Amino acid sequence: MGVTDWARFAQQLAAMARDLLAQESVDATLDRITASAVELVEGCDAAGILVLHSGKVRTLAPTEQLVVDSDRLQERLGEGPCFDAARTKAGERVFRIRDLTREQPRWPAFAPEIHRLGVGSMMGFLLYTEDEELGALNIYSRRPGAFTEASELAGWLLASHAAVAFSAARTQAQLEQAVATRHLIGEAMGILMGSHRLTEEQAFDVLRRYSQDNNVKLREVARRVCDQGSLS
């Protein structure tokens with residue numbers, strides 16, 4: 001891209017970054033990330049976010065079924081750009097497969113299979129690694145050779161902004177869930193305190209022991225008390 005093109009891209013990226021942070025949920029943030037990839041990265045026909053946890057794949061915010069099929073293929077083969085990224089937190093953060101019509105020694109099983117799905121070239125950008133969980137933005141083109149170094153740089157810049165927005169959205173969602181859980185547990189404790197003449201500490205201990213003995217999350221134990229009025 002020329003200077004004028006990069007200036008326009010920078011303006012679009014800045015607008016996207018503001019838009020990402022304005023989304024009201026994690027899902028809405030993810031949808032905006034993948035839609036932005038199609039809009040902003042030259043050559044991009046489809047995009048999605050792959051989350052890998054203990055070898056199991058989830059596809060988030062796919063713009064087309066092609067993305068879901070690609071992620072399932074990587075899971076089935078145990079091979080592909082995202083799986084490479086998952087092997088080490090200190091490894092590469094960006095992958096570009098320029099031409100899937102050619103042999104790819106790095107992904108000998110994945111490359112021909114994904115090409116048969118109609119993909120000519122693809123890129124992957126690591127968004128985060130957390131314990132055993134990986135998040136990566138994948139970008140696809142139906143044309144071989146669609147992604148240039150400029151496309152890769154544009155994708156990397158988008159992924160960098162996306163990672164920040166994704167993290168912020170996840171943190172906000174976790175905080176909201178924590179507040180909701182605390183409120184639910186407090187309500188359940190109040191019910192137990194009133195019906196069994198328990199202290200606050202004793203009521204919490206009843207919930208905790210039931211959770212541990214029955215291998216049920218504390219939040220769900222509290223919900224049961226709130227719905228039924230007791231644990232019986």
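Which residue in β2 is the bridge partner of Val51? The partner is Arg58, and the strands around this pair are a good place to start. Please keep in mind that this is a predicted model, in which local features need pLDDT of at least 70, side-chain atom pairs count only at pLDDT 80 or more, and totals for chains, interfaces and linings use all residues. Residues are numbered from 1 along each chain as its sequence is written, and side-chain values use heavy atoms, with hydrogens and water left out.

**Overall layout**

- The chain contains eight helices and five strands, taken as DSSP runs (H or I of at least four residues for helices, E of at least two for strands) and numbered from the N terminus.
- Along the sequence these elements come in the order α-α-β-β-α-α-β-α-β-β-α-α-α.
- Of the 232 residues, 43% count as buried, meaning under 20% relative accessible area with a 1.4 Å probe and protein chains only.
- Contacts (heavy atoms within 4.5 Å) often span the sequence: among those between residues at least 6 apart, 58% join residues at least 24 apart.
- About 12,600 Å² of the chain is exposed, with carbon and sulfur atoms supplying 49% of that area; accessible areas come from the Shrake-Rupley method with a 1.4 Å probe.

**Strands β1 and β2**

- Strand β1 covers residues 46–53, and seven of its eight residues are buried.
- β1 and strand β2 (residues 56–60) run antiparallel and are joined by five bridges; two strands pair if DSSP finds at least two bridges between them.

**Asp71 in helix α3**

- Asp71 sits in helix α3, which spans residues 65–77.
- Asp71 is buried but has no salt bridge, a term that asks for a side-chain nitrogen of Lys or Arg within 4 Å of a carboxyl oxygen of Asp or Glu.
- The nearest side chain of opposite charge to Asp71 is Arg72, 8.3 Å away.
- Leaving aside residues up to four places away in sequence, Asp71 touches Ile49, Leu50, Val57, Thr59, Asn138 and Tyr140.

**The aromatic pair**

- One aromatic pair turns up in a search of the whole structure, with ring centres (six-membered ring for Trp) required to lie within 6.5 Å.
- Phe95 and Trp107 make up this pair, with 6.1 Å centre to centre and 70° between the planes, an edge-to-face arrangement; planes over 60 degrees apart count as edge-to-face, under 30 as stacked and the rest as tilted.
- Phe95 belongs to strand β3 (residues 94–97), while Trp107, 12 residues apart from it, lies in the loop between β3 and α5 (110–116).
- Phe95 counts as buried because its relative accessibility is 5%, and Trp107 counts as buried at 4%.

Notes
Buried means under 20% relative accessible area, exposed over 50%, partly exposed in between (1.4 Å probe, protein chains only). Lys and Arg count as positive and Asp and Glu as negative; His and the chain ends are not counted.
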